[in-house]
Amino acid sequence: MMEFAWIIPLFPLLSFLLLIVYGKKWGSAAPYIGMLLTFASFIVSLLVLVARFENPTYKAEATWLTIGDATLTAGFEVNQLNALMLVIVSLVSFLVHMYSKGYMQGDERISVFYSYLGLFTFAMLGLVLSPNLLQTYIFWELVGVGSFLLIGFYFYKEEAKAAAKKAFIMTRIGDVALFIGMILLFWQVGSFEYDEIFASVSAGTISSEMITLTAILIFIGAVGKSGQFPLHSWLPDAMEGPTPVSALIHAATMVAAGVYLVATMFPVFAASEAALMTVAIVGAFTAIFAASIGLVQKDIKRVLAYSTVSQLGFMMLALGSAGYVAGVFHLTTHAFFKALLFLAAGSVIHAVHTQDIEKMGGLWKKLRLTGPLFLIGTLAISGVPLLSGFFSKDEILVATWVHGHTILFLLAIIAAFMTAFYMFRLFFLVFGGEARGDTNHVKESPNVMTVPMWVLAFLAIFAGYINTPWFGSFLGDWLTDGNAALGHGHIEGPIWIMGLATAVSLLGIALAWLIYSRKSLSRDWLSSRAPYAYQLVNKKYYIDEFYHFTVVKAASILSRVARLFEVIIVEGLIKLITAFITGLSKLGSRMQDGQVQTYGTVAFLGLAVLVIVLALTGGYL
């Protein structure tokens, strides 16, 4: 089946083309077309994954362009990492397609929405299958286009338009760095092919300085797509798109693309200690930075958005700590429990018609399916034992500790505590206590919305068992099979790390319960003692304001200066030249008036001038 893997992205592409052309005509049939074709992608992806268990990596390419001595190819490749990602992306996308059937019911542009979903899924699947950096970059940019369309789907809302532009522009910053890194690698290797790049790195034909430089440039590209500090602020604003879009972007597609790129290029990063340390530091800082902001957010989707930024930081920390398996493992489990949390949040919003958690409460009795499903996702992301997030987060902590990153390990532990606290703060405010708004109209979501959540809940519980010290490190052994540069399948660490991680998670849950459920502690017991710190976190460390008064203002001033230069210098010079030529032509036209007297006068004056000149020069010109 691996030789037919190229078909996988074509199903959602076909969905996009059909719905763009015939969407208005087919109307309510659009969701079924999108679901059917995405499900076909999932089935083929599953068959490809099974085939990859039994067969070695498969690669097929054909010549695309020949420029001088350089030959550019296009094709596809199936290895362990992308075979796993194909299943994750196609499964989550299919479940989001199904869920959207209920969530977007009644929207007059539902066919457009499903066409955008198809384009976005096609771009991500194409990116995953790419065998070289150039092809990856093409689909990388197409993913950006798809996210722009989906985030700005409600184009009549100013917030949605601003969020879409912000996402597109901020990710372009990273994309420029990625492009430069890609060109530098081509300059050094003479090829964009992953195989040839890794072979050159392994053979030592690229200097260590160049490896570090290109690795960091590629990582900056990942920073933009995966919302790492300081290019993270577009990700929470992306919540202006429909909630199913948030689930798709934050769980398995766009933000996962950055982590996937670093994992794909891991042999390059592994050859540079400086590059790995950069990835680890940025990841650890992002994890605790975003988690601290999530503590005080009041919008249910923004809490989950900052949670996504924090969890992506954990993945980068793992990869930077040479924990290739730990990073990919957490990418896998996070896809399931974060998609579950977003879809469950969408079910809540669908029921109460607000995103403000201060206006919710008491929904456990009203949403008898959504409540337990949301709780499963909350337990998984908090790292509670026996759920998927517990195993993958423990793997990250072990990798960080074993490789001697003590300070980063402590930051990760604090971030894990914050995660458990703010997620259960969210849970207790939404589902616990008494209702703080009108709940008479609240009713459970239809089956088309709850069934995808049940599937994701099952995976959020059991997906972690594919790579545990108790049941065998199957995932890790398979991912690293035959590639020493990727490290070991499972990193052994002291048992106390697992105990500490569990204790930290339970402590965060207990503190949230004391404050927001039992109410033994005042909600403002900390903010009242440190009002300036609370204000700083509540304003998201003024990052957006900083960008506004530096980058945005600077760009505005620069554009005005450029405009003045254009008006005064360029347009002024053009007007001066135009006026000179116009005046000269008018003077000439006046002289050429057809009057014999005028011509005689000019000839006489010319002769007089000539005589005077000859007299003054002694007869010589």
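Domain bounds here come from an automatic or database domain assignment.

**Figure 1. Division of the predicted model into domains.** The structure shown is a predicted model. Its protein chain is divided into domain 1 (1-131), domain 2 (132-521) and domain 3 (546-617). Taken over C-alpha atoms, the centres of domain 2 and domain 3 are 63 Å apart.

**Figure 2. The span listed by UniProt within residues 64-114.** An unreviewed UniProt entry lists residues 64-114 as "domain: NADH-Ubiquinone oxidoreductase (complex I) chain 5 N-terminal". Helix makes up 57% of this span and strand 25%. The C-alpha atoms at the two ends of residues 64-114 lie 31 Å apart.

**Figure 3. The largest cavity, between domain 1 and domain 2.** Four cavities of 30 Å³ or more are present in the structure. The largest cavity holds about 50 Å³ of space. Its lining is made up of Thr71, Leu72, Thr73, Asn132, Leu134, Ser191, Phe192 and Glu193. Strand 2 (residues 70-78) gives the most to this lining, with three residues. By class, three lining residues are nonpolar, four are polar and one is charged. Where does the largest cavity lie? Because domain 1 (1-131) and domain 2 (132-521) both give residues to its lining, the largest cavity lies between them.

**Figure 4. The largest pocket and its lining.** The volume of the largest pocket is about 560 Å³. The pocket is lined by 21 residues, and those closest to its centre are Leu295, Val296, Leu526, Ser527 and Tyr534. Two or more lining residues come from each of helix 18 (406-431), helix 21 (495-517) and helix 22 (531-538). Which helix gives the most to the lining of the largest pocket? Helix 18 does, with four residues. The lining of the largest pocket consists of 14 nonpolar, two polar and five charged residues.

**Figure 5. Helix 11 and its surroundings.** Helix 11 covers residues 254-264. A residue counts as buried when its relative accessible area is under 20%. Eleven of the eleven residues of helix 11 are buried, so this helix is largely enclosed by the rest of the structure. The buried residues are Met254, Val255, Ala256, Ala257, Gly258, Val259, Tyr260, Leu261, Val262, Ala263 and Thr264.

Terms used: Residues numbered from 1 in each chain as written. Predicted model: local features only at pLDDT ≥ 70, side-chain atom pairs only at ≥ 80, totals over all residues. Heavy atoms only, no water. 1 Å grid on protein atoms, 1.4 Å probe; cavity = no way out; pocket = protein on both sides within 12 Å on 5 of 7 lines; lining within 4 Å. Points joined across faces, edges and corners; volume = space filled by probe spheres on them. Nonpolar A, V, L, I, M, F, W, Y, C, P; charged D, E, K, R; others polar. Buried < 20%, exposed > 50% of the residue type's maximum accessible area, 1.4 Å probe, protein only. UniProt positions renumbered as here; feature names shortened; annotations may be inferred.
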